[in-house]
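Student: Could you take me through a single part of this model up close? I'd like to see how one strand sits among its neighbours.

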Amino acid sequence: MSSAAPRVEIDERSGFCFGVVTAIRKAEEELARGGVLYCLGDIVHNSDEVERLCRHGLITITHAQMAELHDVSVLLRAHGEPPSTYELARRNNIRIIDATCPVVLQLQRRIHQMYESDCHPQIVIYGKNGHAEVNGLVGQTKGEAIVVENAGELDKIDFGRDIALYSQTTKSVEGFNEIIGAISSRKSPEADFQSYDTICRQVANRVSHLREFASAHDVVLFVAGHKSSNGKILYNECRDVNPCTYMVANEHDIIPHWLLSAGSIGVCGATSTPRWLMERVKARALEIAEGSQA
């Protein structure tokens with residue numbers, strides 16, 4: 001007689017954040033009207049979702065390719081873009097469908113206002129160098145903002161000058177607080193230091209919830225694209241509390257022996273992970289588990 005198959009649960013709070021949902025909705029609405037629609041960079045850091053929208057007609061392009069286009073429609077994804085992208089669109093008569101996340105847009109405005117202010121401090125951004133969102137933020141300062149990924153990169157800062165610190169919206173609160181502490185301990189007494197917590201709480205608040213979710217299961221399948229910075233952060237949070245956490249891009253990445261002897265399997269994902277993909281991972285996990293119980 002075979003034993004009961006394990007319970008497989010999808011985390012209800014995982015998956016697309018508000019900004020990504022809006023960007024994909026705008027893309028789908030525009031594609032439904034017909035015609036050609038370009039997207040500047042992957043609309044979301046998940047290759048399965050990008051491929052799905054590609055089948056519906058979305059064409060992903062680079063900045064260099066956009067420079068060659070004229071009289072077309074281009075969607076800007078949730079990560080946001082620097083002012084130079086909008087200037088290019090005006091020159092080439094490109095119609096912009098702007099899907100920049102409202103949280104990112106507000107951060108861009110705050111950084112631009114600080115850059116244009118009379119006090120003109122050094123603007124420091126805690127974030128991933130080269131990340132699309134960070135490129136958009138640096139663009140608000142004509143390329144002058146200093147980007148730091150960790151405390152080891154703080155030598156880029158002149159600690160004798162005033163400093164204004166911001167964060168990429170998807171970074172961890174703990175990491176941001178570490179940067180604050182390191183700058184505070186190194187700055188000159190004469191220099192003014194202001195930090196602005198610009199981390200999106202819809203993303204940050206997932207950390208404690210995901211840690212609880214991961215610890216409640218024997219095995220966790222974390223679904224995320226390989227390009228997702230948010231995915232790497234949240235995956236590591238899950239793995240920290242549950243060593244039997246495995247990152248998979250889709251259902252084909254599941255290795256059956258991971259699920260042996262598991263009484264419960266949790267499926268969760270990044271803010272760039274579509275729900276339909278987590279459903280496929282759940283179905284495949286059940287198929288493997290039921291096969292091993294036969």
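**Strand 12 and its sheet**

Tutor: Let's start with a pairing: strand 10 (residues 219-223) and strand 12 run parallel and are joined by five bridges. Helices here are DSSP runs of H or I with at least four residues, strands are E runs of at least two, and both are numbered from the N terminus. Two strands count as paired if DSSP finds at least two bridges between them. Before going on, note that this is a predicted model, where local features need pLDDT of at least 70, side-chain atom pairs count only at pLDDT 80 or more, and totals for chains, interfaces and linings use all residues. Residues are numbered from 1 along each chain as its sequence is written, and side-chain values use heavy atoms, with hydrogens and water left out.

Back to strand 12, then. One bridge on the strand 10 side links V219 to I265. Strand 1 (residues 7-10) also pairs with strand 12 in the parallel sense, over four bridges. There, R7 has S264 as its bridge partner, and E9 has G266.

Put these together and you get an open sheet of four strands, paired in parallel, in the order 1-12-10-11. Strand 1 and strand 11 (245-248) are the edge strands, each pairing on one side only. On average, neighbouring strands of this sheet are turned by 20 degrees against each other, direction ignored. For such angles, axes are lines fitted to C-alpha atoms (for helices, over the stretch in contact), and values run from 0 to 180 degrees between N-to-C directions.

Now add the helices. Helix 9 (residues 206-215) packs on the sheet and touches strand 1, strand 10 and strand 12, with its direction at about 155 degrees to that of strand 12. Contact here means heavy atoms within 4.5 Å. Helix 10 (residues 229-241) lies across strand 10, strand 11 and strand 12, running at about 160 degrees to strand 11.

How covered is strand 12 itself? Strand 12 (residues 264-269) is mostly covered, with six of its six residues buried, where buried means under 20% relative accessible area (1.4 Å probe, protein chains only). S264, G266 and C268 point one way, I265, V267 and G269 point the other way, and all are buried.

For the wider setting, the chain has 11 helices and 12 strands, and buried residues make up 53% of its 294 residues. Of the chain's contacts with a separation of 6 or more, 71% come from residues 24 or more positions apart.

Technical notes: Buried means under 20% relative accessible area, exposed over 50%, partly exposed in between (1.4 Å probe, protein chains only).
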